[in-house]
Amino acid sequence: MLKGYTWKNYLLFIIPSLIGILLFITPVSTGDGTTIPIALLAGFVEEALASYLSLIMMLIIVITAVFTLIGFISKGKVYAKTPFFEQLFTTSLFWTVTRTLAAVFAIMVYFKLGHEAFYSPDTGGTLLDGLLHTLFAVFFFAGLFLPLLTNFGLLEFFGTLMTKIMRPVFKLPGRSSIDALASWVGDGTIGVLLTSKQYEDGFYTKREATVIGTTFSIVSITFSLVVLSEVGLEHMFVPYYITIVIAGFVAALIMPRIPPLSRKKDSYIDGRIDVLDESIPQGYNTVSYGMKNALDRAKKETNVYKFFKEGFQNILDMWMGVAPVVMAFGLIALIVAEYTPFFSWIGAPFIPLLELMQVPHAVEASETILIGFADMFLPAIIGSGIESEMTRFIIAALSVTQLIYLSEVGGLLLGSKIPVSFIDLIVIFLLRTIITLPIITLIAHFLF
């Protein structure tokens with residue numbers, strides 16, 4: 001036991017952290033595959049409230065828009081006495097318009113108003129009657145219990161242990177390893193939420209938060225299996241997931257070292273530019289210093305009311321900050337994907353590249369390459385009818401390693417405090433495509 005610390009200090013670190021690991025990171029086998037307890041709890045709530053969630057999410061989006069308009073018109077004066085509401089509802093003109101547009105879209109989809117393009121099952125229905133149901137439930141439990149991961153020393157402990165790997169390899173703090181693990185086992189949305197919270201709390205610089213959010217908020221094992229099932233290749237899950245890991249690892253090595261990620265400022269949310277000291281002081285080894293940091297952090301958390309207050313603020317921040325962005329950008333992207341040939345046009349330049357790499361049905365495959373920016377599941381849906389197993393394998397693997405898609409992770413990033421723009425997301429998506437496509441195709445040639 002380290003000097004100056006009691007058993008109470010150790011228990012305050014160990015018990016909440018273990019519960020956090022259990023809820024967010026521990027794999028649980030179900031009839032549908034592998035998931036995590038948070039996702040399992042969210043699934044129960046989603047199922048129990050299925051008949052009401054579309055209405056609930058529509059109301060949340062509309063209420064957010066109304067409160068945001070009030071905040072914009074009053075320049076935040078209405079919420080001046082409540083800092084949390086002030087930061088939540090006092091936004092720029094762009095985000096005020098976005099939230100207002102999202103409210104209009106949500107009403108149109110829920111009441112089936114206007115052109116069918118807005119509320120069809122493939123566009124607005126996908127969002128309001130599907131994805132937003134999931135986000136409601138996931139945000140509720142993830143927001144409520146996220147402090148278990150962030151406030152009791154777990155990130156400080158693992159951050160110290162993983163610094164020697166994460167810094168030289170990925171140019172990131174060691175604590176980011178937990179973000180990646182939560183995404184990998186759980187869900188990319190949880191990774192984005194955790195990253196955003198750590199950035200807001202001053203633990204990541206703008207560059208680090210953007211790199212982690214766009215590189216390590218990876219697709220869960222469960223969703224990867226769903227994508228593979230859609231293209232009829234479930235029997236190839238092991239080589240498929242190994243391919244994703246290899247391509248994703250290469251992308252994670254390259255992306256932080258090139259623009260736009262390399263050009264993000266290494267300053268914190270409050271403007272500080274001093275880098276967090278991750279060196280090990282004399283008299284400590286990596287484990288003992290990690291434990292000291294964890295215990296120091298845990299000692300600050302002794303108020304149960306504060307824990308639940310922060311948890312419920314997280315929930316409101318996620319619901320009201322993210323859902324309107326997903327609704328606004330996601331619906332526009334899905335309408336463009338479903339009702340226009342836009343993604344076919346912009347995918348055409350990839351035809352010569354696919355032919356050069358000897359990918360069968362290059363023309364059909366090219367139509368799926370960039371449509372994943374709208375929604376990750378669209379490439380698998382469109383490519384499921386292609387005869388070549390190798391081409392379907394490439395499409396399924398690429399759609400997962402591209403990572404950025406507006407209907408979920410992209411929308412979450414734009415709605416978060418992480419300093420990433422819409423243009424950034426487009427460029428990052430294209431770069432990830434260019435980096436991972438040759439790797440996936442090369443491995444596919446060995447497999448088929």
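**Entry 1: the second largest pocket**

I began with the second largest pocket, which is lined by 32 residues; Gln-87, Glu-200, Asp-317, Gly-415 and Lys-417 lie nearest its centre. Five elements each give two or more residues to this lining: α4 (83-89), α5 (93-111), α10 (188-200), α15 (304-339) and α21 (409-415). I noted for myself that this is a predicted model.

Which helix gives the largest share of that lining? I found that α15 does, with eight residues. Then I looked up the space inside, and the second largest pocket holds about 660 Å³. By class, I sorted its lining into 15 nonpolar, ten polar and seven charged residues.

**Entry 2: the largest cavity**

Next I turned to enclosed space. Rolling a probe the size of a water molecule over the atoms shows where empty space is left. How many cavities of 30 Å³ or more does the count give? I got one. The largest cavity has about 80 Å³ of space, and 13 residues line it, with Thr-368, Ile-369, Ile-394, Ile-395 and Leu-398 closest to its centre.

Two elements, α18 (362-369) and α20, give two or more residues to the lining of this cavity. Of these, α20 gives the most, with five residues. I also checked the classes: the lining of the largest cavity has nine nonpolar residues, four polar ones and no charged ones.

**Entry 3: α20 against α22**

Since α20 had come up, I followed it to a neighbour. Two packed helices are described by the angle between their axes and the distance between the axes. For α20 (residues 389-401) and α22 (residues 422-447), I read that the axes come within 9 Å and cross at roughly 145 degrees. The crossing of α20 past α22 is right-handed.

Which residues of α20 take part in the contact with α22? On the α20 side I listed Met-390, Phe-393, Ile-394, Ala-397, Leu-398 and Thr-401. On the α22 side they meet Arg-432, Thr-433, Thr-436, Leu-437, Ile-440, Thr-441, Ala-444, His-445 and Leu-447. The contact comprises nine nonpolar, five polar and one charged residues. I was pleased to meet Ile-394 and Leu-398 again, as both are among the residues closest to the centre of the largest cavity.

**Entry 4: helix α11 and Thr-215**

I wanted to know how covered α11 is, and nine of its ten residues turned out to be buried. The buried ones are Arg-207, Glu-208, Ala-209, Thr-210, Val-211, Ile-212, Gly-213, Thr-214 and Thr-215.

I picked Thr-215 for a closer look; its place is in helix α11 (residues 206-215). Is Thr-215 buried or exposed? Its relative accessible area is 3%, so Thr-215 counts as buried, because the cut-off for buried is under 20%. Leaving out residues up to four places away in sequence, I found Thr-215 touching Ala-252, Met-255, Leu-261, Leu-403 and Arg-432. Arg-432 is a name I already had from entry 3, as one of the α22 residues that meet α20.

**Entry 5: Leu-23 and a distant partner**

Leu-23 is found in helix α1 (residues 7-24). With 12% relative accessibility, Leu-23 is buried too. Which residues does Leu-23 contact, leaving aside neighbours within four places in sequence? My list reads Ile-36, Pro-37, Ile-38, Leu-41, Phe-145 and Leu-148. I looked up how far apart Leu-23 and Phe-145 are: 122 residues in sequence, but 8.3 Å in space from C-alpha to C-alpha.

**Entry 6: backbone details in the loops**

My last stop was the loops. Where is Pro-260? I found Pro-260 in the loop between α13 (237-254) and α14 (286-298). The peptide bond leading from Pro-259 to Pro-260 is cis, and its omega is near 5 degrees.

Then I checked phi in two residues. Lys-171 has a positive phi of about 60 degrees although it is not a glycine. Lys-171 sits in the loop between α8 (154-170) and α9 (176-185), and is partly exposed at 37% relative accessible area.

Gln-358, also not a glycine, has a positive phi near 60 degrees. I located Gln-358 in the loop between α17 (350-356) and α18. Why does Gln-358 count as exposed? Its relative accessible area is 60%, and exposed means over 50%.

Definitions and conventions. Residues numbered from 1 in each chain as written. Predicted model: local features only at pLDDT ≥ 70, side-chain atom pairs only at ≥ 80, totals over all residues. Heavy atoms only, no water. 1 Å grid on protein atoms, 1.4 Å probe; cavity = no way out; pocket = protein on both sides within 12 Å on 5 of 7 lines; lining within 4 Å. Points joined across faces, edges and corners; volume = space filled by probe spheres on them. Helix = DSSP H or I, 4+ residues; strand = E, 2+ residues; numbered from the N terminus. Nonpolar A, V, L, I, M, F, W, Y, C, P; charged D, E, K, R; others polar. Buried < 20%, exposed > 50% of the residue type's maximum accessible area, 1.4 Å probe, protein only. Contact = heavy atoms within 4.5 Å. Axes fitted to C-alpha atoms, helices over the stretch in contact; angles between N-to-C directions. Left-handed = near helix turned anticlockwise from the far one by under 90°.
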